[in-house]
Number of protein chains: 2
Amino acid sequence: MSDIQARIDNMRIKMKERGCRITPQRLAILAILAESKGHPSVEGIYERVKANFPTTSIATVYKTVSVLKELGEVLELEFSHDHNRYDGARPYPHPHLICTKCGKILDPAWSRFEDMTERLASDTGFKITTHRLEFFGVCPECQNGE
Amino acid sequence: MSDIQARIDNMRIKMKERGCRITPQRLAILAILAESKGHPSVEGIYERVKANFPTTSIATVYKTVSVLKELGEVLELEFSHDHNRYDGARPYPHPHLICTKCGKILDPAWSRFEDMTERLASDTGFKITTHRLEFFGVCPECQNGE
DNA sequence: TTATTTTTTGATAATTATTCTCCATAACGA
DNA sequence: TCGTTATGGAGAATAATTATCAAAAAATAA
């Protein structure tokens with residue numbers, strides 16, 4: 001079974017356990033999020049769902065993403081000046097590399113920051129639950145004016 | 001001269017150079033941002049400015065903060081589900097420690113991530129311009145139910 | 001100083017992403 | 001299959017932020 005299929009199944013099970021019904025629209029949303037190389041926005045997910053389910057409302061996408069967020073099955077990247085973006089393939093905190101020109105978001109293949117987090121916790125008394133690390137810059141394509 | 005006064009003067013000079021006029025309201029905003037231990041929101045700045053200038057509009061605060069952001073004299077912490085928060089004392093990217101219960105934001109005394117950034121740039125071809133690193137957790141006060 | 005020009009202020013309207021409302025419909029356990 | 005109950009969809013509501021614009025204040029010129 002592919003990683004993507006495994007992610008879809010995992011999300012499905014988590015939603016079921018919570019008492020959610022798996023509708024075709026939701027399944028489509030899960031699939032898009034699990035594939036999500038591009039870290040889509042709700043708007044972007046909505047556009048892709050509509051290809052198969054033309055009557056879908058954007059509210060449905062918001063509601064499904066919200067449940068997944070609550071379940072820890074999707075990572076939300078917050079942008080107060082733009083649509084939030086979502087990572088359903090790797091829902092745990094990890095670094096992101098964001099092109100400030102085209103909005104592309106990449107996942108550099110790096111490990112987490114356990115030791116850093118631990119030291120910070122013992123220094124400050126905080127119980128650290130999560131973190132967010134994002135690098136911003138201009139991608140090679142945008143540097144070449146493509 | 002105190003660090004805070006130096007920050008105020010620096011912001012003032014940068015705004016002057018850009019052709020901005022330093023009004024009493026703006027000076028009050030600069031002072032609040034330079035002191036900003038608590039990483040205030042626009043709303044919070046507005047409340048404090050109103051103590052001295054009761055007729056101030058929140059739009060004035062938004063506009064001033066926007067100019068400072070453009071000049072790189074204030075760091076914006078983005079929260080898509082809440083007011084953004086601002087750091088005028090240390091306007092360069094640095095880690096933040098955020099209590100998810102009370103909203104307190106601390107600056108742990110850590111250095112930047114130059115080496116990390118450099119490696120990432122050479123790995124991906126991105127021209128890295130800035131980064132964002134935020135740790136979330138529950139502060140000691142909130143753990144004790146205060 | 002006074003007149004003139006330009007920017008800023010402040011009140012409010014507009015915008016935009018997101019959330020809510022509500023009922024017909026669909027999912028799913030019995 | 002049936003009955004219960006969550007969901008879907010359309011549009012209204014919300015909330016943070018931004019835009020508008022006339023009046024006031026600051027800079028500049030005379």
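Let me start with DNA strand D: of the 19 residues around that strand, Arg21(A), Thr23(A), Arg26(A), Thr55(A) and Tyr62(B) come nearest, where a residue is called near a molecule or strand if one of its heavy atoms lies within 4 Å of it. Sugar and phosphate account for 68% of the atoms of DNA strand D that come within 4 Å of the protein. Before going on, I should say that this is a predicted model, in which local features need pLDDT of at least 70 and side-chain atom pairs count only at pLDDT 80 or more, while totals for chains, interfaces and linings use all residues. Residues are numbered from 1 along each chain as its sequence is written, chains are lettered from A and ligands numbered from 1 in the order in which they are written, and side-chain values use heavy atoms, with hydrogens and water left out.

Staying with strand D, there are polar contacts to the bases, a polar contact being a pair of N or O atoms within 3.5 Å, with the added condition within protein that one must be able to donate a hydrogen and the other to accept it, and that residues adjacent in sequence count only if both atoms are side-chain atoms. The side chain of Arg21(A) places an N or O atom 2.7 Å from a base oxygen of DNA strand D, and Lys63(A) has a polar side-chain atom 3.0 Å from a base oxygen of that strand. From the other chain, the side chain of Arg21(B) has an N or O atom 3.2 Å from a base nitrogen of DNA strand D.

Which helices supply this surface near DNA strand D? Helix H2 (24–35) and helix H4 (58–70) of chain A, together with helix H4 (58–70) of chain B, each supply at least two residues; helices here are DSSP runs of H or I with at least four residues, strands are runs of E with at least two, and both are numbered from the N terminus. The residues of this surface divide into five nonpolar, nine polar and five charged, with Ala, Val, Leu, Ile, Met, Phe, Trp, Tyr, Cys and Pro counted as nonpolar, Asp, Glu, Lys and Arg as charged, and the others, Gly among them, as polar.

Turning to DNA strand C, 22 residues lie around that strand, and Tyr62(A), Arg21(B), Thr23(B), Arg26(B) and Thr55(B) come nearest. Of the atoms of DNA strand C within 4 Å of the protein, 72% belong to sugar or phosphate and the rest to bases. Phosphate oxygens of DNA strand C lie 3.0 Å from a polar backbone atom of Ile22(A), 3.4 Å from a polar side-chain atom of His83(A), and 3.1 Å from a polar side-chain atom of Gln25(B). H4 of chain A, along with helix H2 (24–35) and H4 of chain B, each give at least two residues to the surface near DNA strand C, whose residues divide into six nonpolar, 10 polar and six charged.

How, then, are the two chains related? A rotation of 180° with 0.0 Å of shift along its axis superposes chain A on chain B, with an RMSD of 0.0 Å, the fit being by least squares on the C-alpha atoms of residues with pLDDT of at least 70 in both. The two copies are thus related as by a two-fold rotation axis. The same surface serves both copies, in that 100% of the contact residues of chain A recur in chain B, contact meaning heavy atoms within 4.5 Å.

Chain A itself has six helices and five strands, following the pattern α-α-α-α-β-β-β-β-α-β-α along the sequence.

Finally, the sheet: six strands form an open sheet in the order S4(A)-S3(A)-S5(A)-S5(B)-S3(B)-S4(B), with mixed pairing, two strands being paired if DSSP finds at least two bridges between them. Strand S4 (105–106) of chain A and strand S4 (105–106) of chain B stand at the edges, each with a single partner strand, so one side of each is left without a neighbour in the sheet. S5(A) and S5(B) pair in the antiparallel sense over 11 bridges, and Thr130(A) has Phe136(B) as its bridge partner in S5(B). Within chain A, strand S3 (residues 96–99) and strand S5 (residues 127–138) run parallel, joined by four bridges, with Gly137(A) as the bridge partner of Cys99(A).
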